[in-house]
Amino acid sequence: MTLYQKLATRLREHIQHDFYKSGDKLPSVRQLAQEHGVSISTVQEAYRQLEQEQLVEARPKSGYFVCVPKKDNLPSISRPPQRPLEVSQWEEVLNMLMNRSGNKGVQLQHAMPDMKASTLKPLLKTLSDLTKQKPELGLGYADVRGSEELRVQLCRLAVASGCQLHPDDIVVTSGCQEALSVCLRAVTQPGDIIAIESPSFYGSMQAIKAANLKAMEIPTHPETGISLEALELALDQWPIKAIFVTPTCNNPMGYTMPEDKKEQLYRLAQSYDIAIIEDDIYGDISYQFPRPKTIKSFDTDGRVLLCSSFSKSIAPGMRVGWIAPGRYRDKVTHIKYVSSSMCPVLPQLAIAKFIRLGGYAKHIRQMRHNYEQQRDHLLNAIKIHLPNDTRVSFPVGSFILWVELHPSIDTMKLVERCREEGVGFAPGPLFSATGKYRNCFRLNFSEQNQEKREWAIKALAAILRSFDSRIKRSESEISVLT
């Protein structure tokens, strides 16, 4: 590398590792030239390269500063159909779930956390020790509500989200997907209507489908979440039995509802006397401090069923989730019993110890830091390489974001072409009951390194250019014919 490239690399690493944070002033050109023994023109060229990457900005008479991520190209406010609909898209969801290409290419479609983190080593050691020293614990029946040691630790974690829970208030499940399914069955009957954000996680949609319910998709803002005005209109018009939301670090949009809006949502459910199923699976990996409150923290009459798991904060293979079901505890416990009886004990005990000894808190701090950096890198790559009219969400937690392309692009066709090149993403229609959002898709930025992620975005950009040329060619042929 040339001298200016070496200097640019050093400054880039300092920015990416938060030595210099967003908005910080960077050393002057003269100062860097003296410190590194290079010419002023070398420093200027290094800064020029970082400007092109949109990592730094020059301010007249002030010097160079670390760029503050901009949110001027957010996705459009969703406008779903204004009536309850049966959920479809299962075949498309299954096709994506089965498309696991191992180490081939860059697979950004699955919402998988970083499972190679060194901060998980104490947990893995504990799990290994339990398997060797007390294997009998994993062979017999256990409490249908889950391990008491784990439920005690879950109550400790819940305090950060504003909840005061007792171990008896919690039912452990096999991941959050079972938690959501159990809750839906506890508060509805087949044929009932559920109000849900739009777009919404395809697993939630499929849980609604499996329970023979209808989804009432509600317009959703990419920064503040579900529209309370539209929700109230829907509640007046339709016999909605429950509200199903992911208000903190939403999947797929990444927003967190403001605290006052969460309380308003709870009061709205109270006034219509219906339940709220709150999916808080990403809450622990919010970049905000203190951790955002849950809707459950405002619950005074037990109508909020809070669901979460360690699938996104630790690893999905642990299969440890939980519910704080409020007034529906007995019904939830019964449904959990008849559906899967109990959950494996050893992972519960290992996670309980991981939390108790402080390993979980350390892991979460590291993951928040890593994911926020990786978000900024991916946003920058999208801004540089994808078309100028691309809209993209600005996640305030988790490791997923939502991309909106020009309306002419069909991501169901695009995903097939991208798979051929070794790039995977989750197409938008999976996140709607009826296959809306055909020009949108979701990306994961947790596992792959920066070089691979950037390669994937460049490959996607090249494929988009070929799509765009085909569309223009088709339009010109139509104009000739007419």
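1. In this predicted model, a natural place to begin is the cluster in which ring pairs link Phe201, Tyr202, Trp402, Phe431 and Tyr437. The count of aromatic pairs in the structure comes to 11.

2. One of the pairs is formed by Phe354 and Tyr360, whose rings meet edge-to-face, with 6.4 Å from centre to centre and 75° between the planes. Phe354 is buried, because its relative accessible area is 4%, and Tyr360 is likewise buried, with a value of 3%.

3. Trp402 and Tyr437, two members of the cluster, also form an edge-to-face pair, with centres 5.9 Å apart and an angle of 80° between the planes. Trp402 belongs to strand β14 (residues 400-404), whereas Tyr437 lies in the loop between β16 (426-427) and β17 (440-444), so this pair ties together parts that are 35 residues apart in sequence. Trp402 counts as buried at 2% relative accessibility, and Tyr437 counts as buried at 12%, because buried means under 20% relative accessible area.

4. Tyr437 has a further contact to note, since the charged end of Lys436 sits over the ring of Tyr437, 5.5 Å from its centre. Elsewhere, the charged end of Arg59 sits over the ring of Phe65, at 3.9 Å from the centre of that ring.

5. On the surface, Trp90, Leu94 and Met98 form a nonpolar patch, and together they have about 310 Å² of accessible area. Trp90 is placed in helix α4, which covers residues 90-98, and Trp90 counts as partly exposed because its relative accessibility is 35%.

Key: Residues are numbered from 1 along each chain as its sequence is written. This is a predicted model: local features need pLDDT of at least 70, side-chain atom pairs count only at pLDDT 80 or more; totals for chains, interfaces and linings use all residues. Side-chain values use heavy atoms; hydrogens and water are left out. Patches are made of residues with over 30% relative accessible area and no salt bridge: like charges are joined within 9 Å, nonpolar side chains (Val, Leu, Ile, Met, Phe, Trp, Tyr) within 5 Å. Accessible areas come from the Shrake-Rupley method with a 1.4 Å probe; for residues, only the protein chains shown count as cover. A salt bridge is a side-chain nitrogen of Lys or Arg within 4 Å of a carboxyl oxygen of Asp or Glu. Helices (H or I, at least four residues) and strands (E, at least two) are DSSP runs, numbered from the N terminus. Buried means under 20% relative accessible area, exposed over 50%, partly exposed in between (1.4 Å probe, protein chains only). Rings of Phe, Tyr and Trp (its six-membered ring) pair if their centres lie within 6.5 Å; planes under 30 degrees apart count as stacked, over 60 as edge-to-face and the rest as tilted. A charge sits over a ring if NZ of Lys or CZ of Arg is within 6 Å of the ring centre and within 35 degrees of the ring normal.
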